[in-house]
Amino acid sequence: MHWAYKIANEIIEKYPNQETYVCASGISPSGSVHIGNFREIITTYFVVKALKNLGKKTRFIFSWDDFDRFRKVPNNIDPSFSKYIRQSYSSIPDPYGCHSSFAEHFEKEFENALTDFGIEIEFIYQSKEYSSGRYKNEIIHALETRKEIYDILIRFKTNVPTEQERNEFYPITLYCENCEKDDTKITEYNSKNKILYYSCSCGYSNLLNVNDARNIKLNWKIDWAMRWMKEGVVFEPGGRDHSSETGSYNVSKEIAKTIFNFDAPHYAPYEFIGIKGQNKKMSSSTGNLITPAELLKVYLPEIILFMFARYKPTASFNIGLDEDVIKNYSEFERYKANFMNRTLHDLDILQSIEFAHNDAIETDFPKFNHIASILPLVNYNVDLLQNIFENNGETYPVEKIHKISQLAEYWIKKYYPQKHIIVNQQQATEYYHSLTKQQQNWLTVLCDQILQNESTETLMKELYSICYHEDKKIMKTNQKYFFTMIYQLVLNRPSGPPIPLLFEAVSKNELITLLKFH
């Protein structure tokens, strides 16, 4: 059984009479949301799909924690933005000047990528929720029970509690009305009147009626527990850092039960995603990341979804943008073809293929490796590429050839220039003279066949007989080496695109010039 169905069944068993299964995810827009964060959303998304497939009504919510404070200037942002540290993400201007705030810029960047994946989510912007007063009763309740919250938090820490610290503890972040930063200290809370007294390091001080205040936010572990209760969440995953014995989930779980009288939702921890060749964790603040939007410039959406679907959330994996791209495409193409002809019997892989598609599963994309191998030979001319496929008897919708060509070109030019192969500009004389007389004779016969046959199809029928041998094993070895010879003489490398496509991409005159030595 696929891991998403396993989690869905656990949720149904835990909440058998639930009318709507609310599943949640959330991220702070501290910079570009990277593919490691994407696992947060994709884990929930697959569980939601599984619940739907099991006949359950679902609600998939995603919280943008844009009322959190700005902690660090990302490497790709102007260092002058350090002046906004400690303000909320929603109150900081967009560093690129195209959105209303820092938060909105990175929120929309990610939301647009999710649209390309076909993922539909109900977005909740916490800055709007807090500023609307929606949580004022919960904030007041947290203030009234602040000492009980302190007792819970301290149980998960190693430091020794003190009565003074307990008396001075407040479970909230308060943004100063003057400088908009959270460098504030609450000096007193009047429970009867719901009045807070605070001072800020900027020199400002004031009193606030909590019922009317719109600059107060619950601290993270209290906030998480409160939102579970407020939205009626039954499932939410969390990263490995939140999943330890003293991590955020267990702390918030206790706060939810004790303070908000709500049982914490079913939880699934997930491992982090890495970038192949790097040992560092992906981070928005350091700039060490790949965004979903960037990955979509190389991979089809369904292949990215398949990569995430096939690994259990507890399994870590790396994403590569080198030769792994060819491997990932080829593997997916093979599984998909087997799925379509009903020869795919691995249930996990079969269901992963289903999870990776939102619409009907199609097979009319040309193979990525074929496109990537031929495209540089025709100087990235997609029309010529289309003619080559048609002449080889392979017909694909124009938009599909254009789509794969666009992805392949971006990948070659940005990440894998080794794939930018070109036709030899002169004969490989030294290589030719290293061949045996028999092998040289094969080339002579091949050139005769190229001149005699008008179409690649008829030429290919003759090609396999050129190195004929009564022993089939020897003949197979001969044919394999014969193809290597052709690639070496035409492309100066031991491998390349399928021979029929190569012969369509390279003109007959060029082939004869490179293959005929006498």
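Tyr-432, Leu-443, Thr-444, Leu-515, Lys-516, Phe-517 and His-518 line the largest cavity in this structure. Keep in mind that you're looking at a predicted model. Here's a quick tour of its empty spaces, its aromatic rings, one of its sheets and a couple of backbone oddities.

**Cavities and a pocket**

- Rolling a probe the size of a water molecule over the atoms reveals where empty space remains.
- Here that search turns up 2 cavities of 30 Å³ or more.
- The largest cavity, the one with Tyr-432 and His-518 among its lining residues, holds about 40 Å³ of space.
- There are pockets to look at as well, and the second largest pocket has a volume of about 390 Å³.
- Its lining takes in 18 residues, and the ones nearest the centre of this second largest pocket are Asp-116, Pro-301, Glu-302, Asn-358 and Asp-359.
- Helix H11, which covers residues 301-310, contributes the most to the lining of that second largest pocket, with 3 residues.

**Aromatic rings**

- To describe a pair of aromatic rings, you give the distance between the centres and the angle between the planes.
- The model has 39 aromatic pairs in total.
- One of them joins Tyr-464 and Phe-483, whose ring centres are 5.8 Å apart with 65° between the planes, so the pair counts as edge-to-face because that angle is over 60 degrees.
- Tyr-464 sits in the loop between helix H19 (456-463) and helix H20 (472-491), while Phe-483 belongs to helix H20, so this pair ties together parts that are 19 residues apart in sequence.
- The partners also sit in different surroundings: Tyr-464 is partly exposed, at 41% relative accessible area, whereas Phe-483 is buried, at 18%.
- Elsewhere, one aromatic cluster is made up of Phe-38, Phe-62, Trp-64, Phe-110, Phe-117, Phe-123, Phe-308, Tyr-311 and Phe-317.

**Charges over rings**

- Arg-146 lies over the face of Tyr-170, 4.2 Å from the ring centre.
- Arg-334 does something similar with Tyr-335: its charged end sits over the ring, 5.3 Å from the centre.

**A five-stranded sheet**

- Look for an open sheet of 5 strands, running in the order E3-E2-E1-E9-E10 with parallel pairing.
- At its edges are strand E3 (122-125) and strand E10 (266-270), each of which pairs on one side only.
- On average, neighbouring strands in this sheet are turned by 25° against each other, direction ignored.
- Within the sheet, strand E1 (residues 21-27) pairs with strand E9 (residues 233-239) in the parallel sense, over 2 bridges.
- If you want a spot to zoom in on, Val-22 stands opposite Val-233 in E9.

**Backbone oddities**

- As a rule, most residues other than glycine have a negative phi.
- Lys-194 has a positive phi, near 60°, though it isn't a glycine.
- You'll find Lys-194 in the loop between strand E5 (184-190) and strand E6 (195-200).
- Asn-492 is another non-glycine residue with a positive phi near 60°.
- Asn-492 lies in the loop between H20 and helix H21 (499-505), and this residue is exposed, with a relative accessible area of 53%.

Methods
Residues numbered from 1 in each chain as written. Predicted model: local features only at pLDDT ≥ 70, side-chain atom pairs only at ≥ 80, totals over all residues. Heavy atoms only, no water. Phe/Tyr/Trp six-rings, centres within 6.5 Å; stacked < 30°, edge-to-face > 60°. Helix = DSSP H or I, 4+ residues; strand = E, 2+ residues; numbered from the N terminus. Buried < 20%, exposed > 50% of the residue type's maximum accessible area, 1.4 Å probe, protein only. Lys NZ or Arg CZ within 6 Å of the ring centre and 35° of its normal. Pairing = 2+ DSSP bridges. Axes fitted to C-alpha atoms, helices over the stretch in contact; angles between N-to-C directions. 1 Å grid on protein atoms, 1.4 Å probe; cavity = no way out; pocket = protein on both sides within 12 Å on 5 of 7 lines; lining within 4 Å. Points joined across faces, edges and corners; volume = space filled by probe spheres on them.
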